[in-house]
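Here are my notes on the model, set out as numbered points. Please read them with the structure open.

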Amino acid sequence: MFAEERRAEIAKLVSSARRVNGADLARRYDVTMETVRRDLAALEEAGKLRRVHGGAVTVEQSTSLESSIASRQGMNTPEKRRIAAKAYEYLRDSDVGSIVLDAGSTIEILADYIGSENFSLKTGSDRIIITHALHIAVKLAEAEGVTLELVGGQLRKMTWAAIGARAAEYFATVRPDIAFLGANGIDAEFGVSTPGMNEAIVKTAICKSARRVVLLCDSAKFGQESLVRFADFENIDTMITDRAPDGALAQALEAAHVEVLIA
């Protein structure tokens with residue numbers, strides 16, 4: 001196969017798979033890693049992909065860029081709805097009394113489920129829901145069976161969430177039963193990440209505060225690295241996703257004893 005043909009195939013593969021591994025490409029095309037590196041460099045120069053450690057990703061993927069909450073609401077909706085429904089089942093019949101809801105489109109769907117019926121405990125008492133996300137607070141402000149605690153701070157317009165030290169300091173003063181968090185990337189080596197540094201501070205504080213941490217993460221984020229790691233797998237108790245992870249990611253989750261639930 002000529003170099004031009006191989007590079008055209010690699011470009012198509014990256015476009016469909018969103019991420020490729022250099023060693024896998026070398027085996028696939030029976031070439032050396034040096035040849036793969038030249039191919040990826042040429043394709044990056046042509047604007048077809050972006051090189052990362054170990055391989056390449058699509059051009060639009062960036063560790064420091066993030067889509068708005070409005071645009072993310074339209075991405076992977078069937079998968080996110082299944083994940084949110086599974087999370088709601090996880091909560092509905094439990095005796096969990098205090099819950100943190102992070103910002104994010106999947107958690108916003110979870111908030112819709114919570115607000116759709118009486119969410120009180122079997123004893124009749126309200127459940128306390130704590131959130132720093134304005135759009136989620138609006139959905140639950142009048143929800144039956146819910147006492148809402150809104151965390152303040154500087155509002156990040158991209159995610160409609162309070163960020164920074166003020167919000168993080170609040171979470172250092174509470175010990176909620178469970179927290180549901182979203183992420184922009186989950187990688188076997190890098191852990192769980194998000195693009196915003198000030199948002200990562202709050203997510204880290206939530207992880208430290210909650211007795212149990214549940215990550216809601218669709219499979220499109222597997223193998224992705226955003227700019228700031230906010231949690232290692234040891235900080236996560238359960239992950240609810242739409243597809244079982246495999247390879248190095250599955251091994252890393254198992255080693256950290258993370259419970260994986262498939263929606």
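1. D30 counts as exposed because its relative accessibility is 70%, above the 50% cut-off for that class. The residue sits in the loop that links helix 2 (22-29) to helix 3 (33-45). Bear in mind here and below that this is a predicted model.

2. The backbone at D30 deserves a look: phi is positive, about 55°, although D30 is not a glycine. Most residues other than glycine have a negative phi.

3. H257 is a second case of this kind, with a positive phi near 60° in a residue other than glycine. H257 belongs to the loop between helix 10 (247-255) and strand 15 (259-262). Is H257 buried or exposed? With a relative accessibility of 69%, H257 counts as exposed.

4. A137, in helix 7 (residues 134-140), is a buried position. The assignment follows from its relative accessibility of 5%, since buried means under 20%. Which residues does A137 touch, once neighbours within four places in sequence are left aside? They are T131, L148 and L150. For G182, which is 45 residues away from A137 along the chain, the separation between the two C-alpha atoms is 16 Å.

5. On the division of the chain, the domain assignment gives domain 1 as 1-56 and domain 2 as 67-260. The C-alpha centres of the two domains, domain 1 and domain 2, are 35 Å apart.

6. UniProt, in an unreviewed entry, lists residues 3-58 under "domain: HTH deoR-type". In the model, the span 3-58 is 64% helix and 16% strand. The C-alpha atoms at the two ends of residues 3-58 lie 20 Å apart.

7. One open sheet is worth tracing. Three strands make it up, in the order 10-11-13, and their pairing is antiparallel. Why does each of strand 10 (185-187) and strand 13 (228-231) have one side without a neighbour in the sheet? Both stand at the edges, and each has a single partner strand, so one side of each is left without a neighbour. From one strand to the next, the twist averages 40°.

8. Within that sheet, strand 10 and strand 11 (residues 191-194) run antiparallel and are joined by three bridges. One bridge pair can be named: D187 has G191, in strand 11, as its partner. In general, strands of a sheet pair through backbone hydrogen bonds.

9. A helix also packs on this sheet. Helix 9 (residues 197-209) touches strand 11 and strand 13. The direction of helix 9 makes about 15° with that of strand 13.

10. For the chain as a whole, the count is 10 helices and 15 strands. The C-alpha trace spans about 70 × 35 × 30 Å along its principal axes. What radius of gyration does the protein chain have? The value is 20 Å, which agrees with the value near 18 Å for a compact globule of 263 residues.

11. Two further figures describe the packing of the protein chain. Of its 263 residues, 49% are buried. Among contacts with a separation of 6 or more, 68% are between residues 24 or more positions apart.

Key:
Residues numbered from 1 in each chain as written. Predicted model: local features only at pLDDT ≥ 70, side-chain atom pairs only at ≥ 80, totals over all residues. Heavy atoms only, no water. Domains from an automatic or database assignment. Pairing = 2+ DSSP bridges. Helix = DSSP H or I, 4+ residues; strand = E, 2+ residues; numbered from the N terminus. Axes fitted to C-alpha atoms, helices over the stretch in contact; angles between N-to-C directions. Contact = heavy atoms within 4.5 Å. UniProt positions renumbered as here; feature names shortened; annotations may be inferred. Rg over C-alpha atoms; globule rule 2.2 N^0.38 Å. Buried < 20%, exposed > 50% of the residue type's maximum accessible area, 1.4 Å probe, protein only.
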